[in-house]
Amino acid sequence: MNSTSKAVVILNGKSAANEQLRQAVIDLRAGGYQIEVRVTWEAGDTQRYLQEALSLQADTVIAGGGDGTINQLVSCLAQLPPAQRPVLGILPLGTANDFARSAGIPEQMAPALQLAVSGTVSAVDIVTVNRQRYFINMATGGFGTRITTETPDKLKAALGGVSYVIHGLLRMDTLKADHCEIISETFHWQGDALVIGIGNGRQAGGGQRLCPSAFINDGLMDISIVTAQQWLPGIVHNLTGNSDNPAITSARCRSLEIKARHPMTFNLDGEPLSGEHFRMELLPQAVRCRLPEECPLLSHRQQA
């Protein structure tokens, strides 16, 4: 990023008082970087600030927040013509930061901001759902989604990603499977699913690696399904720290359909979507993103 380039940080209002970020912005500005900061307050702010970034001819727009904040900005970018999309940067300021952590983005604000404004650019995939919604990391359905949605904000603030696990253990009495059918060009499954993960990235729900082999630039989605019969061995396997889980039914595809007999809720990078029918289609290399040189989510180095 040179002195004529501009970056706009679109910052979740909950993180507006972050002193480490404030100092990191001051330091980089002193080093010649042109960085603008905009703070979201209400629905529609992300879209409005993205349009402002375009009018400023910003090369990079930075999502400052958690997975939901990244999702909002990615969704806005996806609605622009590809040639007009600025590069995406990420500042991990949420509770779980599942996408940022699995991508190897630094947790400290100074190196994270440096990466966001000047890191190597890679073209990455995203997924569209019913051609109206998007996700860059993962869509999760079933019991895990209900736990993620219901976990109290105070518990998340106090314990971070661990809060999802604790709240889930407290709600085991509500364990209930969703009967559905999943159809893709490579895979057909029907049954009662406790947890469904559709992964562009690898983890969700505060560090649960539902799709441990996924890459964000391979042109494929990873499917992981946990049934009632697989639930207990799946928990034991996760507790032992193993990454490849034999208790999970897995597949890969470019597009898929999910049909249910009753309304289901999928969590798209932290943003809920309910319905009885979902069509998910991968959009290859749709967004350019600044990521670490050795990002674990990249299958091959693809400079953009």
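The chain comprises nine helices and 13 strands in a model that is predicted. Of its 304 residues, 54% count as buried. The accessible surface of the chain amounts to about 13600 Å², and carbon and sulfur atoms contribute 52% of this area. Among contacts in the chain with a separation of 6 or more, 72% are made by residues 24 or more positions apart.

Helix α5, which spans residues 109-118, illustrates how a helix can contribute to the buried part of the chain. Six positions are listed there as buried, namely M109, A112, L113, L115, A116 and V117. The packing partners of these buried residues include both helical and strand elements. The helical partner is α1 (19-30), while the strands are β1 (6-11), β2, β3 (60-65), β4 (87-92) and β13 (271-290).

Charged side chains were examined next. In general, side chains of opposite charge can pair when their charged atoms come close. Across the whole structure, a search finds nine salt bridges. One of the pairs consists of R38 and E52, whose closest N and O atoms are 2.8 Å apart. R38 belongs to strand β2 (residues 34-39) and E52 to helix α2 (residues 45-55), so this salt bridge ties together parts of the chain that are 14 residues apart in sequence. R38 has a relative accessibility of 19% and counts as buried, because the limit for a buried residue is set at under 20%. E52, in turn, is partly exposed, with a relative accessible area of 26%.

A further salt bridge is found between D45 and R48, with a distance of 2.8 Å between the closest N and O atoms. Both residues lie in helix α2, where a spacing of three residues separates D45 and R48 by about one helical turn. D45 is buried, at 4% relative accessibility, whereas R48 is partly exposed, with a relative accessible area of 45%.

Two strands are linked by the salt bridge of R252 with D222, in which the closest N and O atoms are 3.2 Å apart. R252 is located in strand β11 (residues 249-253) and D222 in strand β10 (residues 221-227), so the pair connects parts that are 30 residues apart in sequence. Relative accessibility is 35% for R252, which counts as partly exposed, and 6% for D222, which counts as buried. In addition, R131, E257, R279 and E281 are joined into one network by salt bridges that share partners.

Attention was then given to two annotated positions. In the unreviewed UniProt entry, the annotation "binding site" covers D218 and L220. D218 is situated in the loop between β9 (188-199) and β10, and the loop between β9 and β10 also holds L220. D218 is partly exposed, at 23% relative accessibility. When neighbours within four places in sequence are set aside, D218 is in contact with D125 and S299. With residues up to four places away in sequence likewise not counted, L220 touches D125, G199, N200, F215, R252, C253, R254 and L282. D125 thus appears among the contacts of both annotated residues. R252, one of the residues touched by L220, is also the partner of D222 in the salt bridge described above.

Conventions: Residues numbered from 1 in each chain as written. Predicted model: local features only at pLDDT ≥ 70, side-chain atom pairs only at ≥ 80, totals over all residues. Heavy atoms only, no water. Salt bridge = Lys/Arg side-chain N within 4 Å of Asp/Glu carboxyl O. Helix = DSSP H or I, 4+ residues; strand = E, 2+ residues; numbered from the N terminus. Buried < 20%, exposed > 50% of the residue type's maximum accessible area, 1.4 Å probe, protein only. UniProt positions renumbered as here; feature names shortened; annotations may be inferred. Contact = heavy atoms within 4.5 Å. Areas by Shrake-Rupley, 256 points an atom, 1.4 Å probe, with all protein chains shown as cover.
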